[in-house]
Each structure stands twice: as structure tokens, then as C-alpha cells.
Amino acid sequence: MIPASDRLKLGDVEVIRLSDGTFRVDGGAMFGVVPRTLWAARAAPDPENRVTLALNCYLVRTPGATLLLDTGVGPDVARRHVDFYSFEREPGLFGLLAELGLGPGDIDLVVNSHLHFDHCGGNTIRAAGGTWEPAFPKARYVVQRGEWEQAMHPVDRDKPSYIPARLRGLAGSDRLVLLDADGPIAPGVEAVLVAGHTACHMGVKVASGGRVFFYFADAVPTTAHIDLPYITSFDLYPVDTFNAKKALLERAVEEGWTLGFSHELRHPFGCLRRAGRRIAFVPSDGPENV
Ligand SMILES: [Zn+2]
């Protein structure tokens with residue numbers, strides 16, 4: 001059941017948070033240089049020091065197109081990841097789309113913030129014979145060109161994060177749309193580079209009726225990462241993340257953006273406000289979380 005708090009109306013656009021489930025990640029890795037005594041107050045670790053994270057995707061319905069921002073880990077979780085991350089997927093992205101009366105053929109555009117396995121696992125499905133085919137048969141898939149190349153040819157440092165064999169089936173046709181920087185994806189929907197997590201990681205800005213929704217993806221994966229030093233150890237270029245995040249958070253405060261986060265468990269949407277020298281998160285679905 002998709003709760004009302006997972007839906008956002010923005011002019012003539014609707015944005016719906018669809019979580020592909022949860023998984024658990026080492027808290028130290030998730031919060032980088034921040035000491036455990038600080039991050040544990042925001043995200044309680046389990047006995048193995050792991051914190052529970054959502055696998056958020058956002059469905060964006062505009063008058064002209066239905067877009068999906070990221071696709072979670074997908075139904076075919078790699079064996080090496082199952083035990084390590086304790087994925088719990090039911091009902092998963094495809095189950096939630098079905099609740100909305102949507103089938104894979106109803107998605108026009110799949111937009112990947114980046115191609116780490118927990119953000120594009122639903123892009124493809126395993127076909128008979130072991131090949132991987134597009135899971136959304138009519139969709140075009142949008143990603144930054146540099147990210148696509150990184151995913152196809154990961155260096156040793158990146159190899160645990162990418163599964164190129166699952167993505168190759170998207171290549172070689174006009175199905176794949178490669179972007180070279182910021183730019184329009186569809187009317188009212190815009191790619192915004194937020195480099196640092198990977199070199200070509202991007203966020204997505206949706207504007208309608210004078211309001212803005214911004215999906216931070218892994219640049220600010222949870223509301224606990226709004227404070228500038230909270231940057232994951234997975235970020236390849238943390239100084240770039242710091243700078244990009246700082247500039248965008250300032251804009252989000254000034255312009256009153258509603259925000260969405262890739263791995264936030266509790267709050268599907270929220271805004272920011274200045275609280276002294278800090279920026280505080282104001283959830284759309286509950287009391288202020290300062
Ligand atoms: Zn990532």
C-alpha cells in the first residue's frame with residue numbers, strides 16, 4: 001500500500017516515492033569520516049554495525065511522460081550481495097508500480113542518477129539463456145555518458161559497485177540516451193550534475209507550478225547526510241561532493257525546493273530551513289528533524 005505521504009503534487013506533475021525495499025550497509029562506510037558516536041545518534045546500527053537504508057526510486061508523472069528516477073537493486077540480486085547486505089525487497093519496485101496500475105510498458109523514461117548496482121538493478125531482467133533485456137520495453141534510458149563508460153569499464157576501485165553484464169543489453173540502440181552535462185530530459189525535468197559520489201553522478205530537478213522537486217540521489221543519500229561532513233566512504237571524490245552539495249543545499253533553502261533522497265527510510269519528501277549556522281530538514285510527513 002502506497003501511503004499518501006509518499007505522494008507529492010507539484011503543479012500538474014505528480015511525484016511518488018517507490019521503495020524497492022531495504023538493505024543494510026556498514027554505518028562507518030555510510031558516514032565516512034564522521035565518528036560513530038555522532039552518526040549512531042541519527043541512524044541506530046545493528047549488532048554488525050550496519051544501518052538500514054531504503055532503495056528509493058521516484059516516479060514522476062508529467063502531462064506528457066511517465067519517468068522513473070533510479071530502479072533500485074532489482075529482482076535478481078547478485079548472490080554475492082544477498083547475505084552481505086540483507087536485502088528485503090517485498091513488494092519491490094515492480095509490485096508498487098502494479099499497485100498504481102502501471103506495467104513496465106507504461107514507463108517512457110528511466111533516468112539513472114548513476115549506475116551502481118543498487119540504483120539500476122531494475123533496468124534489465126534476466127531473459128531465457130541468461131542474457132539481460134530491458135525491463136521497461138518502451139522506455140528510453142537516460143544516464144550521463146561518463147557514468148555509462150565507467151560502468152562498462154570499471155577500474156579496480158569501482159568493480160564492486162558495477163555489474164556491466166546486466167547493462168550491456170541497453171547499448172547499441174536509440175534506447176540509450178547519453179547526456180554530456182546538465183540539460184533537459186523532458187519538459188520540466190532536468191539533469192543536474194552533482195559530481196563526487198562518482199565523477200558523473202547526477203541529480204534530477206523537476207519543476208512545475210512554480211515549485212521544484214530535487215532528487216539528490218547518492219550526493220545526499222539520507223536526511224542524516226544534509227550536514228556537509230556527512231559523506232559516504234563510497235564517494236570517489238568527496239571534496240567534489242562537499243562542494244556540489246553545499247551549493248545545491250543553499251539553493252534548495254533559498255528557493256524552497258522539496259527534496260527526495262536515494263536511501264532515506266523515514267521521510268519520502270521534505271524541505272530545508274536555516275537553523276543558525278546549520279541547515280535543518282523539515283519533513284513533509286511529520287515533526288521537524290533538526
Ligand atoms: Zn552509489
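Modeller: Before we start, a word on terms: a helix here is a DSSP run of H or I with at least four residues, numbered from the N terminus. Keep in mind too that we are looking at a predicted model.

Colleague: Fine. Let's use that straight away: in which element does His119 lie?

Modeller: Helix 5 is the place to look for His119.

Colleague: And how do I decide whether His119 counts as buried or exposed?

Modeller: You compare the relative accessible area with a cut-off, and buried means under 20%. His119 has 2% relative accessibility, so it counts as buried.

Colleague: Then what does the side chain of His119 make a polar contact with?

Modeller: For a polar contact you look for a pair of N or O atoms within 3.5 Å. Here the partner is the side chain of Asp218, at 3.0 Å. If you leave out residues up to four places away in sequence, His119 touches a longer list, including Asp70, Thr71, Gly72, Tyr215, Ser262 and His263. Ser113 is also one of the residues that His119 touches.

Colleague: Where is the place of Ser113?

Modeller: Look in the loop that joins strand 5 (109–111) to helix 5 (117–120). Ser113 is buried because its relative accessibility is 2%. Its side chain makes a polar contact of 2.9 Å with the side chain of His114. Setting aside residues up to four places away in sequence, Ser113 touches Asp70, His119, Cys200, His201, Met202, Tyr215 and Ala217.

Colleague: On to the metal. Which atoms coordinate the zinc ion?

Modeller: The general idea is to collect the N, O and S atoms within 2.8 Å of the metal. For this zinc ion you get NE2 of His114, ND1 of His116, NE2 of His197 and an OD atom of Asp218, at 2.2 to 2.3 Å. Notice that Asp218 also makes the polar contact with His119.

Colleague: What kind of site do the angles give for the zinc ion?

Modeller: Start from the ideal: four tetrahedral donors would sit at angles of 109.5 degrees. To count as tetrahedral, all angles must lie between 85 and 135 degrees. Around this zinc ion the four donor atoms make angles of 85 to 175°, and the site is irregular.

Colleague: What spacing do the donors follow along the chain?

Modeller: Read it as H-x1-H-x80-H-x20-D. The pair His114 and His197 links distant parts of the chain, 83 residues apart. His114 sits in the loop between strand 5 and helix 5, while His197 sits in the one between strand 11 (189–193) and strand 12 (202–208). His114 counts as buried because its relative accessibility is 0%, and His197 is buried at 4%.

Colleague: Now for empty space. How much of it lies in the largest pocket?

Modeller: Rolling a probe the size of a water molecule over the atoms shows where empty space is left. The largest pocket holds about 350 Å³. It is lined by 22 residues, and the closest to its centre are Tyr85, His116, Asp118, Ser161 and Phe234. So His116 turns up twice, as a pocket residue and as a zinc donor.

Colleague: Which element gives the most to that lining?

Modeller: Helix 3, with three residues. Strand 2 (13–26), helix 3 (79–85) and helix 5 are the elements that give two or more.

Colleague: And how many cavities of 30 Å³ or more does the structure hold?

Modeller: A cavity differs from a pocket in that a probe fits but cannot get out. There is one of 30 Å³ or more, and the largest cavity holds about 90 Å³ of space. Among its lining residues are Val73, His81, Phe117, Cys120, Ile163 and Leu167.

Colleague: Last one: which residues of helix 4 are buried?

Modeller: An α-helix has 3.6 residues a turn, so residues three or four places apart point the same way. In helix 4 (residues 92–99) the buried ones are Gly92, Leu93, Leu96 and Leu97. They pack against strand 2, strand 3 (50–61) and strand 4 (66–69). Just past the end of helix 4, look at Gly101, with a positive phi of about 80°.

How values were computed: Residues numbered from 1 in each chain as written. Predicted model: local features only at pLDDT ≥ 70, side-chain atom pairs only at ≥ 80, totals over all residues. Heavy atoms only, no water. Buried < 20%, exposed > 50% of the residue type's maximum accessible area, 1.4 Å probe, protein only. Polar contact = N/O pair within 3.5 Å; in protein donor to acceptor, adjacent residues only side chain to side chain. Contact = heavy atoms within 4.5 Å. Donors = N, O, S within 2.8 Å, 3.2 Å for Na, K, Ca; no water. Tetrahedral: all angles 85-135°; square planar, octahedral: opposite > 155°, others 65-115°. 1 Å grid on protein atoms, 1.4 Å probe; cavity = no way out; pocket = protein on both sides within 12 Å on 5 of 7 lines; lining within 4 Å. Points joined across faces, edges and corners; volume = space filled by probe spheres on them.
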